[in-house]
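Work through the following exercises with the sequence and the structure at hand. Each task is followed by a solution in steps.

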Amino acid sequence: MLPLVALVGRPNVGKSTLFNALTRSRDALVHDAPGVTRDRHYGVCRLNAERPFVVVDTGGIAGEDEGLAGATARQARAAAEEADLVLMIVDGREGTSGLDDDILRWLRKLAKPTLLVVNKTDGIDVRAALADFARYGIDPMLPVSSAHRTGLDTLLANVLARL
Ligand code: GDP
Ligand code: MG
């Protein structure tokens with residue numbers, strides 16, 4: 001079985017865009033509206049042909065525990081639980097948020113290997129963005145632009161080093 005990498009994060013940070021960039025498919029729904037991807041979605045990353053791995057995209061994790069948002073959150077947690085490695089995706093333009101804090105709280109309880117992926121770093125001060133997220137204490141923090149496909153080589157190297 002191929003190793004499994006879960007993409008988790010609040011709605012609209014670019015999980016599906018990163019999924020597409022890694023799997024080079026348009027399978028994942030990418031949409032401006034937050035939380036469009038409702039359940040788990042699998043694809044294979046073959047950017048390093050010798051060591052393919054499965055990527056699972058999840059709907060955004062909303063804070064509340066009721067209704068569709070609650071079901072989406074459960075799917076994201078299930079994906080993280082079954083994964084070998086978790087990529088916590090955050091929005092480098094918006095900085096830290098309460099929802100990111102909530103997600104990190106349950107990720108810490110899960111105690112899985114976790115990388116912090118700071119997305120949307122195109123056209124912004126990357127160092128300032130990283131400084132904001134440093135308080136999360138996740139090492140390494142990896143700046144990427146999923147939309148512009150930058151930072152993916154370093155991300156890939158860090159993922160493969162942990163699988
Ligand atoms: P998800 O809800 O986390 O799956 O987020 P999506 O992948 O659907 O992306 C949400 C929005 O952010 C869309 O409008 C994307 O085009 C945009 N987006 C995603 N990645 C980037 C990026 O690297 N840079 C910029 N500027 N926008 C991005
Ligand atoms: Mg999505």
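**Exercise 1. Determine which way each residue of β4 points, and whether these residues are buried or exposed.**

Step 1. In this predicted model, sort the strand by side-chain direction: L85, L87, I89 and D91 point one way from β4, and V86, M88 and V90 point the other way.

Step 2. Relate this to the general pattern. In a regular strand, side chains alternate between the two faces of the sheet.

Step 3. Check burial on both sides. The residues of both sets are all buried. With seven of seven residues buried, strand β4 (residues 85–91) is therefore largely enclosed by the rest of the structure. For the protein as a whole, buried residues make up 39% of the 163 residues.

**Exercise 2. Identify the strands that pair with β4, and give the sense of pairing.**

Step 1. Strands of a sheet pair through backbone hydrogen bonds, either parallel or antiparallel.

Step 2. Take strand β1 (residues 4–8). Four bridges link β1 to β4 in the parallel sense. Within this pairing, V5 has L85 as its bridge partner, and L7 stands opposite L87.

Step 3. Take strand β5 (residues 114–119). β5 runs parallel to β4, and six bridges join the two. V90 has V118 of β5 as its bridge partner.

Step 4. Follow the connection from β4 to β5. Together with helix α3 (residues 98–110), the two strands make a right-handed β-α-β unit.

**Exercise 3. Place the strands in the sheet and find its edges.**

Step 1. List the elements. The protein has five helices and six strands, which follow one another from the N terminus as β-α-β-β-α-β-α-β-α-β-α.

Step 2. Write the order in space. The six strands form an open sheet, β2-β3-β1-β4-β5-β6, with mixed pairing.

Step 3. Read off the edges. β2 (41–45) and β6 (141–143) each have a single partner strand, so one side of each is left without a neighbour in the sheet.

Step 4. Consider the twist. On average, neighbouring strands of this sheet are turned by 25° against each other, direction ignored.

Step 5. Add two of the helices. α1 packs on the sheet and touches β1, β2, β3, β4 and β5, its direction making about 160° with that of β3. α5 also packs on the sheet, touching β1, β4, β5 and β6, and its direction makes about 150° with that of β6.

**Exercise 4. Which residues of the largest nonpolar core touch the most other members, and which element gives the most to this core?**

Step 1. The core has 35 residues, of which A6, L7, V8, L87, M88, I89 and V117 touch the most other members.

Step 2. Two or more residues each come from β1, α1 (15–23), β3 (53–57), α2 (67–82), β4, β5, α4 (126–133) and α5 (152–161). β4 gives the most, with six residues.

Step 3. Examine V117. Leaving out residues up to four places away in sequence, V117 touches L87, M88, I89, L142, V144 and L155.

**Exercise 5. State how confident the predictor is in the model.**

Step 1. The protein has a mean pLDDT of 87, and 84% of its residues reach 70 or more.

Step 2. For the complex, the predictor gives an ipTM of 0.99 and a pTM of 0.91.

Definitions and conventions: Residues are numbered from 1 along each chain as its sequence is written. Chains are lettered from A and ligands numbered from 1 in the order in which they are written. This is a predicted model: local features need pLDDT of at least 70, side-chain atom pairs count only at pLDDT 80 or more; totals for chains, interfaces and linings use all residues. A residue is buried if 20 or more other C-beta atoms lie within 10 Å of its own, exposed if 12 or fewer, and partly exposed in between; C-beta atoms are placed from the backbone. pLDDT is the predictor's confidence in each residue, from 0 to 100. Two strands pair if DSSP finds at least two bridges between them. A crossover is right-handed if, with the strands pointing away from the viewer, the path from the first strand over the helix to the second runs clockwise. A nonpolar core is a set of buried Ala, Val, Leu, Ile, Met, Phe, Trp, Tyr and Cys residues joined through C-beta atoms within 7 Å. Two residues are in contact if their C-beta atoms, placed from the backbone, lie within 7 Å. Axes are lines fitted to C-alpha atoms, for helices over the stretch in contact, and angles run from 0 to 180 degrees between N-to-C directions.
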